[in-house]
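Subject: Structure for your review

Dear colleague,

Please find the structure below, handed over for your review. I would be grateful if you could read the notes that follow it alongside the model.

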Amino acid sequence: MIANTQTQQAVIIVGGGLSGLAAAALLARAGLAVTVFEKASAPGGRAISRKHSEFYFNQGAHAFYLGGPGEKLLNELGIHPQGSLPERSRFLALEAGKVHKLPTGVSPLLSTTLLKPGAKVELARLFIALRSMDLARLHNVSLQDWLAREVHHPQVRKLILALVHVTTFTNAPERLSAGLAITYLTPLVRYLDHGWQTLIDSLRRVAEEAGARIVTRAKVAAIEAAEESHTVRLANGTAYPASAVLLAVDPQTASSLIANGTHKELRQWAAQAIPLRVACFDVALRRLPNPHHLYVLGIDQALYYSVHSAWAALAPQGGALIHTMKYFEPEEPADPKSTQQELEALLDTLQPGWRDEIIEKYFLPHMLASNALVEATQGGLPGRPGPAVPGIRNLYIAGDWVGPQGQLTDACLASARQAANLIMTTQRAEREKYAIVD
């Protein structure tokens with residue numbers, strides 16, 4: 001453990017979202033002095049939740065991946081998110097206005113009216129083949145090219161594209177890495193009781209109990225990099241020395257904070273990052289008019305619908321919290337009015353009478369779902385940047401666009417772990433070097 005003394009320069013983390021809080025907890029537990037600067041009034045970023053009456057609204061539909069690097073890190077920190085897995089046997093598909101069973105297993109595959117017999121046979125063979133597929137060879141292959149080569153039935157292609165929408169938030173098969181898409185094709189997820197705010201609160205608690213200092217309403221204006229230590233300058237002019245800096249922010253913000261946006265690699269990473277955006281329309285209802293429609297995936301439209309409160313404590317007894325979502329193509333312009341009408345029409349189809357039961361609703365017309373599409377032309381997951389920033393010692397990045405592991409929350413937490421490990425290793429080596437000199 002590295003000693004945490006009053007004279008020790010802090011590791012400064014810019015950004016108090018999932019990545020920043022996780023890294024702070026890891027570093028503080030290792031004995032390092034840690035300060036997190038968060039520009040908002042509270043940490044959490046896109047993972048914050050808000051409570052209305054007895055309903056808990058996330059920033060759109062969130063699901064926590066099980067069995068990946070994110071869950072592993074949280075378990076290490078003693079954080080065990082509570083909630084339930086949605087029942088796949090209740091999953092449905094919507095095509096041409098008709099509802100079918102979503103073929104998520106042997107029984108629904110045999111009984112679904114979504115697919116013709118030939119498509120069912122191909123899908124069954126495909127899922128068997130995926131168990132032994134070498135995904136490392138597909139990082140540089142687009143999902144579109146892989147589908148054209150490996151999947152012959154158009155119904156199966158449409159189904160896979162629909163599954164990829166919901167698991168990756170991506171509506172760009174010509175760009176998306178097949179290696180990522182197939183990895184997350186049928187993940188196990190958990191809906192969290194009382195929203196993702198519980199996860200943020202747990203990470204903050206662990207970090208602060210270990211000694212991390214979290215400062216809100218503190219916007220960082222610039223990082224002045226130097227050989228021995230860095231200086232973090234806030235928008236109010238206050239400057240703080242730092243033994244290391246972790247930028248747990250989006251790629252554009254990370255680039256802007258270093259050398260007035262002229263750092264070569266950071267600038268390149270910001271320029272090549274393609275953000276993923278979605279529209280979210282979430283409603284709280286007194287009751288659910290149709291209790292049979294709990295989860296529906298659009299097949300011929302890039303739409304999603306789920307009653308998250310059916311599997312997590314997000315609504316009072318008898319009430320229901322529904323998430324609906326539209327997945328935009330990259331650079332697709334937002335038309336809030338028509339998009340809301342489209343999502344309301346989805347609710348009209350699946351929950352007729354919902355308007356008479358509404359208690360609260362929230363519409364996010366163009367929400368950021370991820371900072372960067374995982375592109376085949378960039379090498380897929382292994383081609384993502386960081387966590388170390390080339391050319392500047394003790395400067396690191398973390399977030400959903402960083403590192404070779406996972407996507408979305410998994411990427412946030414995995415890159416936080418990788419950055420924290422690098423910082424701890426470097427700090428320990430430097431302290432040992434100075435101890436030898438002394």
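The notes below set out what was found, arranged by topic.

Please bear in mind throughout that this is a predicted model.

I begin with a sheet. Strands 11, 12 and 13 form an open sheet in that order, with antiparallel pairing. Strand 11 (220-224) and strand 13 (239-242) are the edge strands; each has a single partner strand, so one side of each is left without a neighbour in the sheet. On average, neighbouring strands of this sheet are turned by 20 degrees against each other, direction ignored. Between strand 12 (residues 230-234) and strand 13, the antiparallel pairing runs over four bridges. Within this region, His230 stands opposite Ala242 of strand 13.

Next, the aromatic residues. The whole structure contains ten aromatic pairs. One of them joins Tyr295 and Tyr304 in an edge-to-face arrangement, with 5.6 Å from centre to centre and 85 degrees between the planes. Tyr295 and Tyr304 are both buried, and together with Phe91 they form one aromatic cluster. Another ring, that of Tyr362, has the charged end of Arg50 sitting over it, 3.7 Å from the ring centre.

The cysteines come next. How many disulfides does the structure hold? The number is zero. For Cys280, the closest cysteine sulfur is that of Cys412, and the separation of 16 Å is too far for a bond. Cys412 is likewise in no disulfide, its nearest cysteine sulfur being that of Cys280. Cys280 counts as buried, because its relative accessibility is 0%. Cys412 also counts as buried, at 11% relative accessibility.

Some backbone features deserve a check against the model. Most peptide bonds are trans, and most residues other than glycine have a negative phi. The peptide bond from Gly386 to Pro387, however, is cis, with omega near 5 degrees. Pro387 is found in the loop between strand 19 and strand 20 (395-397).

Two residues that are not glycine have a positive phi: His194, at about 60 degrees, and Leu408, at about 50 degrees. His194 lies in the loop between strand 9 (189-192) and helix 8 (197-209). With a relative accessible area of 37%, His194 is partly exposed. Leu408, by contrast, lies in helix 12 (residues 408-437) and counts as buried, at 12% relative accessibility.

Leu408 also appears in the surroundings of Ser370, a residue of strand 19 (residues 358-370). Which residues does Ser370 touch, not counting those up to four places away in sequence? They are Arg46, Pro275, Leu276, Asp400 and Leu408. Is Ser370 buried or exposed? Ser370 counts as buried because its relative accessibility is 3%, and the cut-off for that class is under 20%.

Finally, a note on Thr253. This residue lies in helix 9 (residues 251-257) and is partly exposed, with a relative accessible area of 25%. Thr253 and Ala429 are 176 residues apart in sequence, and their C-alpha atoms are 30 Å apart in space.

Yours sincerely

How values were computed. Residues are numbered from 1 along each chain as its sequence is written. This is a predicted model: local features need pLDDT of at least 70, side-chain atom pairs count only at pLDDT 80 or more; totals for chains, interfaces and linings use all residues. Side-chain values use heavy atoms; hydrogens and water are left out. Helices (H or I, at least four residues) and strands (E, at least two) are DSSP runs, numbered from the N terminus. Buried means under 20% relative accessible area, exposed over 50%, partly exposed in between (1.4 Å probe, protein chains only). Contact means heavy atoms within 4.5 Å. Two strands pair if DSSP finds at least two bridges between them. Axes are lines fitted to C-alpha atoms, for helices over the stretch in contact, and angles run from 0 to 180 degrees between N-to-C directions. Rings of Phe, Tyr and Trp (its six-membered ring) pair if their centres lie within 6.5 Å; planes under 30 degrees apart count as stacked, over 60 as edge-to-face and the rest as tilted. A charge sits over a ring if NZ of Lys or CZ of Arg is within 6 Å of the ring centre and within 35 degrees of the ring normal. A disulfide is a pair of cysteine sulfur atoms within 2.5 Å.
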